Amino acid sequence: MTGCDHTVAWRALQGHFEAHGRDFDLRDAFARDPARADAFSLEAPEVFADLSKNRWDLLARKLLLDLARETGMPARRDAMLAGEPINSTEGRPVLHTALRAPRGAALFSDDVHTVLDAMLAYAERVRAGDSGIRAVVNIGIGGSDLGPQMVVPALNAHAIQAIDMHFVSNVDGHDITPVLARLKPESTLFVIASKTFTTQETMANAEVARQWFIANGGRDIARHFVATTTNVQAAAAFGITTTFGFWDWVGGRYSMWSAIGLPIAIAIGEANFRALLAGAHAMDRHFADTPLERNLPVQLGLLNVWYRNFHRFPSRSVAPYHQGLKRLPAYLQQLEMESNGKGVDLAGETLPYDTSAVVWGEPGTNGQHAFFQMLHQGTDVVPVEFIAVRTPSHPHTSLHVKALANCLAQSQALMLGKTFDEARRERAPTASNAIDPDTLARHRSFPGNRPSTTLVLDALTPRSLGALVALYEHRVFTSGAVWGINSFDQWGVELGKSLCNQLLPCFDTGDTTGLDASTAALMRRLR
Ligand code: F6P
């Protein structure tokens, strides 16, 4: 297998980067080309993307598209969609796209739609209130938590308000304790969400929930606990009789479209859940069918490669200017870093190039008052991804306009910066009169030329959110395919899990024999 760094396109990109990429200046690029905004804008289902404030030109983009073709990215995409076992280390297909395909349109359609229909019918019964459920607690972690935890607040405007949604993930008891304190057994439904039904945190929290339920007079575990899992037997052994299943070809971080989406379905109802799936499916079709030149997830994935491997930018920041998307950065951290945080290629050979950037962020405008200082004037260049939503789901137009103006102002400021002369001409604030004006102007100038992408949604709806999440999934796929890695396993989480199991008995016995000196000393301090 030829690594991406041995392709003709990669060498051409290196040459182009040295000649025109390293010193690329966004302000010059806009001055030279009045059509730049149009040339680098793309329309995809439900999402408009302005990619023009990125440090690339038409040739860089063309060479990146060549790189995608030369590394076989389109063929790998087609193999994924056809259900080939592209998750080679686990011998599995990767078919989250089948979860949102219309009936009959993808592999495993009968199984998918049978569970989907049953899950949505159950969600509707809970919403109808006949069983007296007023609170739903999703107990799950990672992919069995982050999707529902991100989507439920995002779609709050579409959600039933009579049912409180809670999410417990952390094995730290400070997570579940305050949640339980607010609940009554007779009006609570626990959803135990775990693909494997073996994850330590989820099993431990589920057990605490069961004990709390019984201790507080709860009588009918079978009515108040349901499971969403591929491991139906383990759920039954726990005493759960209502289980919505899914399949090993659904990766944990790609599972919010499956039964793992039950809390979402309870919150927003059947029609909205189907709209979420339909939005994702529309993006799937865009990814599968649109020429690479106009394919948004492909171009975003290639931009990741350009920034990581040529510009060598170590991270990317996500700034959704919609409070509902407050958990999107956390969701993307798992999606991108668990998928593409890999150090070997498909053949197991150590990679000579970098893979996943660090993904992080906060909703705007809060981030502006925290870490944007570093984005504007720090020593690292961090590409920022702004997400703007044109129509709010609240009535406060004056607030909304301010949020949008802030969003645009930040990408503008990152790009334009402020020169020393501009800063020098400004009137210095009175408090700083003691400082020499030139020194102050150096502090008050901005380098600019800092890249950003702006994604625009018309409104945050089930359909547009579905499309947005699928866009991110396929972008991750694109980068991973070019890098020649397996984006669908996560062996890197295993070592810590097994060491934890070895350490647990030491907390009882106090026996630190064989432990390294640091861990032994910490163990003694914590016992
Ligand atoms: O963190 C590792 C991981 O396996 C994730 O990939 C997964 O989403 C999470 O744990 C939870 O796993 P499960 O759904 O099996 O409880």
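The overall dimensions, burial, cysteines, one long-range pairing and one surface patch of a predicted model are described below.

The chain contains 21 helices and 11 strands. Its C-alpha atoms occupy a box of roughly 75 × 60 × 60 Å along the principal axes. The radius of gyration is 25 Å, in agreement with the value near 24 Å for a compact globule of 527 residues. Of the 527 residues, 53% are buried. The exposed area of the chain is about 22700 Å², of which carbon and sulfur atoms supply 54%. Contacts were also sorted by separation in sequence. Where the partners are at least 6 residues apart, 75% of the contacts join residues at least 24 apart.

One pairing across the sequence is that of threonine 89 with aspartate 489. These two residues are separated by 400 positions in sequence, yet their C-alpha atoms lie 7.0 Å apart. Threonine 89 is placed in the loop that runs between α5 (73-81) and α6 (109-128). Apart from neighbours within four places in sequence, threonine 89 is in contact with Asn486, Asp489 and Trp491. Despite these contacts, threonine 89 is not classed as buried: because its relative accessibility is 41%, and the partly exposed class lies between 20% and 50%, the residue counts as partly exposed.

The cysteines were examined for disulfides. A disulfide is a covalent bond between the sulfur atoms of two cysteines. With a cut-off of 2.5 Å between cysteine sulfur atoms, the count in the model is 0. Two cysteines were also assessed for burial. Cysteine 4 has a relative accessibility of 1%, which is under the 20% limit, and therefore counts as buried. Cysteine 407 also has a relative accessibility of 1% and is likewise buried.

At the surface, a nonpolar patch of about 320 Å² is formed by Phe507, Leu522 and Leu526. One of its members, leucine 526, belongs to helix α21, which spans residues 517-526. The relative accessible area of leucine 526 is 64%; since this is over 50%, the residue is classed as exposed. Leucine 526 thus contrasts with cysteine 4, which is buried at 1%, and with threonine 89, which is partly exposed at 41%.

Conventions
Residues numbered from 1 in each chain as written. Predicted model: local features only at pLDDT ≥ 70, side-chain atom pairs only at ≥ 80, totals over all residues. Heavy atoms only, no water. Patch = residues over 30% accessible without salt bridge, like charges linked within 9 Å, V, L, I, M, F, W, Y side chains within 5 Å. Areas by Shrake-Rupley, 256 points an atom, 1.4 Å probe, with all protein chains shown as cover. Salt bridge = Lys/Arg side-chain N within 4 Å of Asp/Glu carboxyl O. Helix = DSSP H or I, 4+ residues; strand = E, 2+ residues; numbered from the N terminus. Buried < 20%, exposed > 50% of the residue type's maximum accessible area, 1.4 Å probe, protein only. Rg over C-alpha atoms; globule rule 2.2 N^0.38 Å. Contact = heavy atoms within 4.5 Å.
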